[in-house]
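Here are some comments for a colleague who is reading a structure of this kind for the first time. Please keep the sequence and the model side by side while you work through the points.

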Amino acid sequence: MTTLFESNITYDFDDGLGPVPAYRHPNGGGWVSETAQVEKTATVGPQARVHGYAVIRDFAVINERADVSGYCVVKDYATIRGNAVVKGTCEISGKAVIAGEVFLSGHIRIGGNTVLEGKGAYFSEVDCLVCPALLDENYLSTHENPCLDCLEKQKLATKERNFR
């Protein structure tokens, strides 16, 4: 197998791994880690990022400041744009649009003509398995709604990313 982009270029995706080998995607100019797979027919806009082991196929579009990572698959004519973050093992297909400040994590499948836009965080039950409220019996005595605590943390992470 031949690698399209062999270089010493690195990029820090702000995921805690530091700079990793990466390249600018030829269709759009966005950053792609060498561990991710992005087909030539897909678009990764100049400020968008694809990393981890994410797979972007077909005519999918990752645009604006969108960030796709983990083991996510975005395919068909799906679009991720705005400041949307898609991570975990999500699968976005069809003509689905994920936009704005939407945060998806875990194993979530979205397809068809679904549009998730605006502000919102969506998690699968897998994320709740490591929730402090479930692991620490004293946690609920100091926190009214542990789910709101998690959502607040995600909002802060998104804000930090937007200032960079």
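1. In which loop is the place of Asp14? Bearing in mind that this is a predicted model, you will find Asp14 in the loop that runs between strand S1 (10–12) and strand S2 (19–24). The phi angle of Asp14 is near 60°, which is a positive value in a residue other than glycine, and with a relative accessibility of 38% Asp14 counts as partly exposed.

2. A second aspartate deserves a similar look, namely Asp58, which lies in the loop between S7 and strand S8 (61–62). Asp58 is not a glycine either, and yet its phi is positive, at about 55°. Its relative accessibility is 23%, so Asp58 also counts as partly exposed, given that the term buried is kept for residues under 20%.

3. Turning to the strands, which order do the five strands of the open sheet follow? The order is S4-S7-S10-S13-S16, and the pairing within this sheet is parallel. At its edges are strand S4 (37–38) and strand S16 (109–110), each of which pairs on one side only.

4. Within that order, strand S7 (residues 55–56) and strand S10 (residues 73–74) can be examined in detail, as they run parallel and are joined by two bridges. If you look for Ile56 in the model, you should find that it stands opposite Val74 in S10.

5. Another parallel pair consists of strand S12 (residues 85–86) and S15, which are again joined by two bridges. Here Val86 has Leu104, in S15, as its bridge partner. Strand S15 (residues 101–105) is mostly covered, since four of its five residues are buried.

6. Finally, how many disulfides does the count come to? The count is zero, and the reasoning can be followed with Cys72 and Cys90. A disulfide is a covalent bond between the sulfur atoms of two cysteines, and to be counted here the two sulfur atoms must lie within 2.5 Å. For Cys72, the closest cysteine sulfur is that of Cys90, but because the distance is 4.4 Å, the two are too far apart for a bond. Looking from the other side, the closest cysteine sulfur to that of Cys90 belongs to Cys72, at 4.4 Å. Both cysteines are nevertheless covered: Cys72 is buried, with a relative accessible area of 0%, and Cys90 is buried as well, with a relative accessible area of 1%.

Conventions
Residues are numbered from 1 along each chain as its sequence is written. This is a predicted model: local features need pLDDT of at least 70, side-chain atom pairs count only at pLDDT 80 or more; totals for chains, interfaces and linings use all residues. Side-chain values use heavy atoms; hydrogens and water are left out. Buried means under 20% relative accessible area, exposed over 50%, partly exposed in between (1.4 Å probe, protein chains only). Two strands pair if DSSP finds at least two bridges between them.
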